Amino acid sequence: MSMRLSDYFLPTLKENPAEAQIVSHRLMLRAGMVRQSAAGIYSWLPLGLRVLEKIGAIVRQEQNRAGAIEVLMPTLQPAELWRESGRYDDYGKEMLRITDRHDRDLLYGPTNEELITQIFRDNVRSYKELPRNLYHVQWKFRDEIRPRFGVMRGREFLMKDAYSFDIDEASARQAYQKMFVAYLRTFKRMGLQAIPVAADTGPIGGDLSHEFIILAETGESEVFCHEDVLNQPVPEADYSRDLTPVIDAYTQYYARSDEFHDGAIFEEQVPEAKRVTARGIEVGHIFYFGEKYSAPMKALVTGPDGKDVPVHMGSYGIGVSRLVGGIIEACHDDDGIVWPWGVAPFHVGLINLKPGDAATDALCDKLYNGLSQNGLDVLYDDRDERAGAKFSNMDLIGLPWQAVVGPRGAAAGEVEIKNRATGEKITLSLEDSLQKLSQAPIQK
RNA sequence: CGGGGCUUGGCGCAGUCUGGUAGCGCACCUGGUUUGGGACCAGGGGGUCGCAGGUUCGAAUCCUGCAGCCCCGACCA
């Protein structure tokens with residue numbers, strides 16, 4: 001949806017707030033996307049919320065395509081459930097515990113395995129209802145010892161978590177593969193280069209655990225991988241085929257984060273010319289954990305042989321709010337944010353250099369209405385501000401395209417179009433600019 | 001939780017050492033001049049100096065306690 005800046009709420013800052021150290025945090029504050037409420041807890045202002053929702057929409061679309069079904073579980077959960085899995089005591093101080101008026105123990109969910117397992121066991125009896133994958137996008141809370149890096153390491157965070165249910169490990173492996181593919185597609189659509197790296201599988205063992213790390217110069221973790229991992233094509237959303245070759249194309253190569261990096265193996269498996277060391281941010285994690293929750297919590301289904309067996313489960317997380325910061329870490333320059341098309345809060349920033357000038361206003365209105373009718377979201381800076389302030393502000397908030405109309409151009413019926421990513425500017429007629437902006441989005 | 005730093009108007013800061021009743025830049029309001037890369041002039045509003053005690057004739061400043069926030073570490077989507 002398009003907006004006039006004079007009607008919008010976009011409190012931008014000219015100076016860097018002292019509390020923000022890393023670039024994404026600084027830019028999110030300066031661009032009026034978030035405001036901190038307490039350590040690691042943020043309010044989302046309109047611009048930030050738009051990005052959060054764009055990311056959520058992509059995540060949902062790709063989850064749905066992969067056959068996952070959306071639900072919504074509460075933020076507060078009864079402690080009882082966590083006692084069943086044994087995690088109420090194990091989780092430690094990271095879990096925020098709450099007592100209600102009846103003295104019942106509650107907790108603000110740091111994750112939802114227990115809850116989803118309960119929902120499943122209460123409602124599914126037969127293997128015939130499998131496989132199933134349920135997900136939701138919900139706020140979580142983990143009382144981190146030290147929240148930092150703005151929304152990338154907040155205590156409260158928005159996360160998509162999916163849970164798969166299968167009759168056996170072989171079937172669970174397929175569920176895993178679908179999510180693997182969905183993740184590759186999801187991050188690609190956000191304009192990110194994501195690397196699936198082998199991760200710790202914990203007590204279950206096996207090869208079914210991967211973290212997805214997006215590349216960003218300022219990322220907190222280091223990644224070591226074979227260069228060819230970076231050049232794999234993004235798979236089609238065809239989930240009816242055997243996905244093993246698709247997955248193998250990625251997993252055949254060495255790719256690990258600093259946590260599990262082994263220099264010797266790296267050198268042995270990757271030729272020197274193909275060794276890549278980069279920095280990145282973990283934005284997703286998928287893993288198979290078998291009967292870890294289903295067995296103690298008695299989530300059983302009757303198999304074809306008439307016997308009850310615990311379901312095999314996997315869980316698949318994406319840090320939605322973390323991605324907002326992560327994307328900015330990956331996509332910015334000295335002037336501000338450079339949004340990838342897929343997650344940009346608006347597609348076009350329209351700058352009226354002289355509000356009140358009849359010809360300028362008229363041309364801006366035509367552009368605003370035309371672009372909006374063509375399905376683009378336009379943020380129209382119709383404020384009575386100086387040109388420089390408008391340019392700087394527009395660069396800061398990083399919309400992919402800028403359309404600039406001044407009295408000079410208006411007289412000639414011309415619009416200046418600027419590509420935020422490349423800085424390239426061209427002057428076009430109204431019609432041409434409408435056409436240019438309404439077609440192919442920028443591919444960075 | 002260990003170590004370090006910080007807290008003064010919406011934001012960024014000075015003033016604290018050497019107590020004397022709060023200042024600068026930006027932002028905001030009014031008027032004027034400006035107007036294609038964060039303008040200029042004039043006037044104006046806004047702060048119980050994080051909180052609570054204490055010392056003192058007098059505390060932003062000294063003392064004690066507490067809280068919040070930031071950074072490094074262990075921990076983590």
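A residue counts as buried when its relative accessible area is under 20%. Keep that cut-off in mind for this tour of a predicted model.

**Start with strand β22**

Select residues 401-405 of chain A, which form β22. Five of the five residues of this strand are buried, so β22 is largely enclosed by the rest of the structure. Now check its two faces. Trp401, Ala403 and Val405 lie on one side. Gln402 and Val404 lie on the other. Both faces are covered.

**Step to β20**

Add residues 348-352, strand β20. β20 and β22 run parallel and are joined by five bridges. Two residue pairs are worth labelling. Val348 has Trp401 as its bridge partner in β22. Asn352 is partnered by Val405 of β22.

**Cross to β23**

Next, select residues 414-419, strand β23. Here the pairing with β22 is antiparallel, over four bridges. Label Gln402 and find its bridge partner Lys418 in β23. Then label Val404, whose partner in β23 is Glu416.

**On to β24 and the hairpin**

Stay on Glu416 and look towards β24. Which residue of β24 is the bridge partner of Glu416? Thr427 is. β24 covers residues 425-429. Five bridges join β24 to β23, and the two strands run antiparallel. Their hairpin has five residues between the strands. Pick out Gly423 in this hairpin: its phi is positive, near 85 degrees.

**See the whole sheet**

Now show the six strands together. They form an open sheet with mixed pairing, in the order β1-β21-β20-β22-β23-β24. β1 (3-4) and β24 stand at the edges with a single partner strand each, so one side of each has no neighbour in the sheet.

**Move to helix α1**

Select residues 23-30, helix α1. This helix is mostly covered, with seven of its eight residues buried. The buried ones are Val23, Ser24, His25, Leu27, Met28, Leu29 and Arg30. What do they pack against? Strands β2 (34-38), β3 (41-44), β18 (332-333) and β19 (336-337) are among the partners. Helices α9 and α11 (387-397) are also on the list. Gly32 follows α1 and has a positive phi, near 70 degrees.

**Follow the packing to α9**

Go to residues 320-330, helix α9. Ten of its eleven residues are buried, so the rest of the structure largely encloses this helix. Colour the buried set: Val320, Ser321, Arg322, Leu323, Val324, Gly325, Gly326, Ile327, Ile328 and Glu329.

**Zoom out**

Show all of chain A. Its secondary structure comes to 13 helices and 24 strands. The radius of gyration is 24 Å, close to the 22 Å from the globule rule for 444 residues, so chain A is as compact as a globular protein of that length. Along the principal axes, the C-alpha atoms fill a box of roughly 80 × 60 × 40 Å.

Turn on the surface. The accessible area of chain A is about 19,900 Å², and carbon and sulfur atoms account for 47% of that. Of the 444 residues, 53% are buried.

Then colour by charge. Chain A carries 51 positive and 65 negative side chains. The centres of the two sets are 3 Å apart.

Last, turn to contacts across the chain. Among contacts with a separation of 6 or more, 71% are between residues 24 or more positions apart.

How values were computed: Residues numbered from 1 in each chain as written. Chains lettered and ligands numbered in written order. Heavy atoms only, no water. Rg over C-alpha atoms; globule rule 2.2 N^0.38 Å. Buried < 20%, exposed > 50% of the residue type's maximum accessible area, 1.4 Å probe, protein only. Contact = heavy atoms within 4.5 Å. Areas by Shrake-Rupley, 256 points an atom, 1.4 Å probe, with all protein chains shown as cover. Lys, Arg positive; Asp, Glu negative; His and termini not counted. Charge placed at Lys NZ, Arg CZ, Asp CG, Glu CD. Pairing = 2+ DSSP bridges.
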